[in-house]
Amino acid sequence: MNAATAIDNDVTWQTLCSKADLVAHSGVAAWLASADTQVALLYLPGLAPEVYAVDNHDPFSNANVIARGIVGDIKGEPVIASPIYKQHFRLSDGVCVEDENVRLRTWEVKIEDEQVMIKT
C-alpha cells in the first residue's frame, strides 16, 4: 500500500500495511516510497507506542537486516539487536547502545482503522 494522506500543512502519513501484517514481538520490513528506503516495523503489543519504525539498514554490516533482529529491552528501554554483529539500537531514537555516535533513522508510527501509518 502506498496511499499517502496530508493531514497538516507539512505532515503526511503514508499507509504501509495493515496491523494484521505485523508479527508480535518481531519485525517486518516495508518499503517507504517517499524516502526511497526500507524501514523495519517492530510490533510490541502492550507497550506505548506499540509499533516502532527504524531504518532497516544496519550501518555496521551495511546490510538491510534490522527487521530480522531480536527485540528486547535494556534497562526497560525497548531495543532491537542487529542479527549480524549484535549491536543494540534503542527503538525510541535509533541510537546504538554500544556506540552512541551511530544511529538508525526513526519515524513516528500510528495505527488508524487497523492500518499502520508512518509520518513522513
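User: Where does Ile84 sit in this model?
Analyst: We're looking at a predicted model here. The strands on either side are β9 (77–81) and β10 (88–90). Ile84 belongs to neither of them, as its place is in the loop between β9 and β10.

User: Is Ile84 buried, partly exposed or exposed?
Analyst: Buried needs under 20% relative accessible area and exposed needs over 50%. Ile84 comes in at 37% relative accessibility, so the label is partly exposed.

User: How much area does the nonpolar surface patch with Ile84 make?
Analyst: A residue needs over 30% relative accessible area to join a patch, and Ile84 has 37%. Together with Phe60 and Tyr85, Ile84 makes a nonpolar surface patch of about 280 Å².

User: Which strands stand at the edges of the open sheet of four strands?
Analyst: The order in this antiparallel sheet is β3-β4-β5-β11. An edge strand has a single partner, so one side of it is left without a neighbour in the sheet. That fits β3 (26–32) and β11 (106–107).

User: Inside that sheet, what is the bridge partner of Leu42 in β5?
Analyst: β4 (residues 37–43) and β5 (residues 51–55) run antiparallel, with five bridges joining them. For Leu42, the partner in β5 is Tyr52.

User: And over in the hairpin of β12 and β13, which residue takes a positive phi?
Analyst: Strands β12 (residues 109–112) and β13 (residues 115–119) run antiparallel and share four bridges. One of the paired residues is Ile111, which has Val116 as its bridge partner in β13. Two residues lie between the strands, and the one with a phi near 50 degrees is Asp113.

User: How many disulfides does the whole structure have?
Analyst: A disulfide is a covalent bond between the sulfur atoms of two cysteines. There are cysteines around: Cys17 counts as buried at 9% relative accessibility, and Cys96 is buried too, at 0%. Still, a search of the whole structure turns up a disulfide count of zero.

User: What share of residues 12–119 is strand?
Analyst: UniProt, in an unreviewed entry, lists this span as "domain: Rieske-like [2Fe-2S]". Its end C-alpha atoms lie 6 Å apart. Helix accounts for 0% of the span, and strand for 50%.

User: What distance separates the C-alpha atoms of Glu100 and Glu77?
Analyst: Glu100 is in the loop between β10 and β11, and it counts as exposed at 58% relative accessibility. Along the chain, Glu100 and Glu77 are 23 residues apart. Through space, their C-alpha atoms are separated by 15 Å.

Terms used: Residues are numbered from 1 along each chain as its sequence is written. This is a predicted model: local features need pLDDT of at least 70, side-chain atom pairs count only at pLDDT 80 or more; totals for chains, interfaces and linings use all residues. Side-chain values use heavy atoms; hydrogens and water are left out. Two strands pair if DSSP finds at least two bridges between them. Patches are made of residues with over 30% relative accessible area and no salt bridge: like charges are joined within 9 Å, nonpolar side chains (Val, Leu, Ile, Met, Phe, Trp, Tyr) within 5 Å. Accessible areas come from the Shrake-Rupley method with a 1.4 Å probe; for residues, only the protein chains shown count as cover. A salt bridge is a side-chain nitrogen of Lys or Arg within 4 Å of a carboxyl oxygen of Asp or Glu. Buried means under 20% relative accessible area, exposed over 50%, partly exposed in between (1.4 Å probe, protein chains only). UniProt positions are given in the numbering used here, feature names are shortened, and annotations may be inferred rather than shown by experiment. A disulfide is a pair of cysteine sulfur atoms within 2.5 Å.
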